Amino acid sequence: MSENYTALYEQHKKAGASFTDFGGWQMPLKYESELAEHHAVRNAAGLFDLSHMGEVWVTGPQAAAFLDYALVGKLSAVAEGKAKYSLICDADGGIIDDLITYRRSADKFLVVPNAGNAAVVAAALLERAAGFDVVVEDVSAETSLVAIQGPNAEAILLKLVPAEQHSLVTELKYYAAVEVSIAGDLLLLARTGYTGEDGFEIYVPNQDAAELWEALLEAGEGHGLIPAGLAARDSLRLEAGMPLYGNELSRHVNAYAAGLGPVVALSKESDFVGKEALAAIKAAGVGSTIGQKLVGLKGAGRRAARAHYSVLKDGTLIGEVTSGQPSPTLGYPVALAYVDVEHSAPGTTVEVDLRGKAEPFEVVPLPFYKRSK
């Protein structure tokens, strides 16, 4: 059993959660039913504890220039109050982590890495900060993160925000953040998420996390809000075609193979870690004309593909599944897989070896599910 517990562990225990180890943390896998939690997020609202994620502040006169060097995106072009999805890569172009960076002011950024990578990313940023006038401060240990996701998320949140600040919430765009008073505390509210639905992520000091959690659950009564665990989070992000570090992304994968080429700003005038390698990979066509490419697979039958299952074409091995399960929303099995580029076009029929039996799957465009706006 891991030794890391979030500030909300007692709330989860009280609610009857089943726990699992994730990134060295004891996290709720589900409460009563992962299916009910999945459908609640799609149709009403779900409440997630994401406090295992990391939070690293980067501040100083050269913060923007430093992040342009440390990450593959052009963070200096991000407007204050906005956020950007990016990658931190090795010199060889391998992905150390995918992360979101919020620009809070001209010289202040919040970098949010994944749970298992938080310490690694913080260490890499500290190392890369040499020669830049910046301060890198890892505040993961004292920060909690709560997400409310689903079509009713905004209505629930407005019950806890003062009336004079309602417009800050209703006018907040996707991938933007603002400070608002929620249940009496001034907190950072971001319109981001990992479910494919509208929703918010709220950064809160550990000591105020339980109070916020309970206030959100109370405000959500009558709006269909229920707590949701990692099982629902995984099925939701898979339907939305969102990669998971450790499944679709790793140090052995590059941005172009993963379909994340657009986040790599090779046009940046400044150098960045991995630039030379990524430029060579792009020029060679890896992920577009040679090598393997991440694709979506739709099952023709009822049986689901799972991570590490082999993908075949006419009996020949052409790839491997990275994530897969039945889609609760769509009613058929879906999967993400790396396959040889020549078999990656939508409409291509392949087979997946489901424990000794080859079942047909079709390559389809991502995402599998897209909410109606």
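**A walk from an exposed histidine to a one-sided helix**

With a relative accessibility of 61%, His308 counts as exposed, since the cut-off for that word is anything over 50%. This is a predicted model, so please read each statement below as a description of that prediction. You will find His308 in the loop that runs between strand S15 (292–299) and strand S16 (310–313). Its backbone is worth a look too: His308 has a positive phi of about 80°, although it is not a glycine.

Why pause over the sign of an angle? Most residues other than glycine have a negative phi, and most peptide bonds are trans. Against that background, Tyr175 also deserves a visit. Tyr175 is not a glycine, yet it has a positive phi of about 60°. This tyrosine sits in the loop that joins helix H6 (166–170) to strand S11 (177–182). The peptide bonds offer a stop as well: going from Leu366 to Pro367, the bond is cis, with omega near 0°. Pro367 belongs to the segment that comes after strand S20 (357–364).

Now let us move to a buried residue. Leu187 is part of strand S12, which spans residues 185–190. Its relative accessible area is 4%, and therefore Leu187 counts as buried, the limit being under 20%. Which residues does Leu187 touch, leaving aside those up to four places away in sequence? Its contacts include Val178, Glu179, Val180 and Ile182. Also among them are Ile202, Tyr203, Val204, Pro205 and Leu212.

From Leu187 we can travel on to Ala280. These two residues are 93 positions apart in sequence, and their C-alpha atoms are 43 Å apart in space. Our last stop is helix H9, made of residues 275–284. Its buried residues are Lys275, Ala277, Leu278 and Ile281. Because they cover an arc of only 165° around the axis, they lie on the same side of H9. What covers these buried residues includes strand S6 (83–89). And what does the face of H9 turned away from its buried side carry? There you will meet the exposed residues Glu276 and Ala283. Just past the helix, H9 is followed by Gly285, which has a positive phi near 90°.

Technical notes. Residues numbered from 1 in each chain as written. Predicted model: local features only at pLDDT ≥ 70, side-chain atom pairs only at ≥ 80, totals over all residues. Heavy atoms only, no water. Helix = DSSP H or I, 4+ residues; strand = E, 2+ residues; numbered from the N terminus. Buried < 20%, exposed > 50% of the residue type's maximum accessible area, 1.4 Å probe, protein only. Contact = heavy atoms within 4.5 Å. Arc of directions from axis to C-beta.
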